[in-house]
Amino acid sequence: MSINRNLLNIIIILCVCLNLGCNEGAQEREIDDSHTIQVSSLFPASSSSCVLSPRASTTKSSLHVTHRHGTCSRLNNGKATSPDHVEILRLDQARVNSIHSKLSKKLTTNHVSQSQSTDLPAKDGSTLGSGNYIVTVGLGTPKNDLSLIFDTGSDLTWTQCQPCVRTCYDQKEPIFNPSKSTSYYNVSCSSAACGSLSSATGNAGSCSASNCIYGIQYGDQSFSVGFLAKDKFTLTSSDVFDGVYFGCGENNQGLFTGVAGLLGLGRDKLSFPSQTATAYNKIFSYCLPSSASYTGHLTFGSAGISRSVKFTPISTITDGTSFYGLNIVAITVGGQKLPIPSTVFSTPGALIDSGTVITRLPPKAYAALRSSFKAKMSKYPTTSGVSILDTCFDLSGFKTVTIPKVAFSFSGGAVVELGSKGIFYAFKISQVCLAFAGNSDDSNAAIFGNVQQQTLEVVYDGAGGRVGFAPNGCS
């Protein structure tokens with residue numbers, strides 16, 4: 001019996017040494033404070049199949065989350081598209097710049113009109129960043145299914161509407177026609193909702209024949225202008241809401257690439273969670289899929305939330321904004337706490353954002369993370385950086401890679417260990433980069449981005465003033 005056990009141990013050791021999975025199809029091994037993964041798992045599979053999230057399939061208030069470039073997206077007809085990574089990172093930086101500007105209260109309230117876009121000049125891009133993650137929502141009666149980017153950093157939900165008075169960008173689905181919805185109506189410019197636009201969009205509402213006009217402008221000058229309206233929103237067959245405020249945009253421009261608009265999940269009273277608070281108590285959760293051939297979920301209400309969720313209070317840095325603030329207290333790499341003074345995090349503060357791709361850290365915190373990570377990856381050759389990412393490795397010739405685990409500690413005792421997919425951003429096998437970047441200034445807030453959130457269950461409890469995390473959120 002002992003001989004058989006010894007023989008089994010030898011076989012296990014040989015499997016590891018030869019980079020073979022002892023279980024067929026195994027993608028990852030965990031040894032102490034590191035992940036060992038197949039290098040091939042860092043890149044999209046060539047499969048045209050789509051694996052649906054069980055949570056979204058079985059929970060009544062849950063929507064499937066798809067990656068906009070993936071096989072599961074309605075925008076791609078079952079075929080994955082190749083993202084332009086350099087453009088994604090450029091747009092990501094534009095979004096980050098806009099967030100930092102909002103937090104520093106440099107944005108002033110503007111006034112908009114339906115006939116002109118002079119207050120909202122059009123340039124390429126969008127503060128939506130790359131708008132990686134999409135859900136499908138029904139609008140109107142009868143309902144029109146529309147693909148919307150969901151965004152925790154925005155409040156007003158909007159979609160393109162007919163007629164396009166000035167310009168509309170190309171979208172995959174038919175543009176919503178409000179004249180064909182029996183439940184649609186415009187909102188008066190004397191209404192309280194119209195008066196709330198300045199806090200939700202940064203632009204005060206204006207009037208056109210007594211109807212309220214909204215305008216929302218993103219950090220690099222993309223925009224949507226149109227009527228503030230109310231209509232029926234259908235999440236699932238059992239979760240239908242009458243009279244939801246949204247923007248019916250008749251003048252829209254930017255690189256929104258096929259989607260119909262945006263679902264605003266911020267903290268303002270015009271956000272979707274606030275408008276559905278009687279049903280869901282401002283609670284929603286999501287899991288972002290790590291693979292473009294899988295769906296995640298966006299779930300409203302507390303149904304199905306994991307019992308293992310650890311919560312951290314929403315910080316005060318984001319009071320008066322759409323954002324959900326966090327207090328980072330420590331970062332560990334390979335089980336070792338980085339020597340970062342607490343004031344490095346507490347002075348600028350931090351927030352979590354579904355639309356920022358790459359996590360941003362204060363310069364001193366990023367320098368400590370980069371130094372520790374590179375030291376623990378010394379067996380792998382380094383290579384040139386790309387855009388905002390400056391720590392990259394050439395994994396050519398390696399079948400597996402062993403990555404030090406990275407964990408964030410937040411106030412209240414929540415410790416979030418990143419999944420193996422939440423550490424790297426892979427361009428090609430010879431250029432796999434650490435998926436973090438440093439802010440340009442010590443006073444700029446840290447941002448916990450969506451690469452690091454992949455596969456986690458992230459819970460937003462607006463009423464309870466807290467954000468929670470749990471592992472394996474998509475399974």
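Author: Buried means under 20% relative accessible area, exposed means over 50%, and partly exposed lies in between (1.4 Å probe, protein chains only). This is a predicted model: local features need pLDDT of at least 70, side-chain atom pairs count only at pLDDT 80 or more, and totals for chains, interfaces and linings use all residues. Residues are numbered from 1 along each chain as its sequence is written, and side-chain values use heavy atoms, leaving out hydrogens and water.

Reader: Why is Arg466 called partly exposed?

Author: Its relative accessibility is 33%. That falls between the two cut-offs, so Arg466 counts as partly exposed.

Reader: What makes Arg466 and Asp461 a salt bridge?

Author: A salt bridge needs a side-chain nitrogen of Lys or Arg within 4 Å of a carboxyl oxygen of Asp or Glu. Here N to O is 2.9 Å, so the pair qualifies.

Reader: Is Asp461 buried or exposed?

Author: Buried. Asp461 has a relative accessible area of 9%, so it falls under the buried cut-off.

Reader: How do you know that Lys364 pairs with Asp442?

Author: Their closest N and O atoms are 3.4 Å apart, so the salt-bridge rule is met. Lys364 lies in helix α9 (residues 363-376), and Asp442 in the loop between β30 (436-438) and β31 (446-448), so the pair ties together parts that are 78 residues apart in sequence. Helices (H or I, at least four residues) and strands (E, at least two) are DSSP runs, numbered from the N terminus.

Reader: Why is Asp442 called partly exposed?

Author: Asp442 has 42% relative accessibility, so it sits between buried and exposed.

Reader: How many salt bridges does the rule give?

Author: The count comes to 13.
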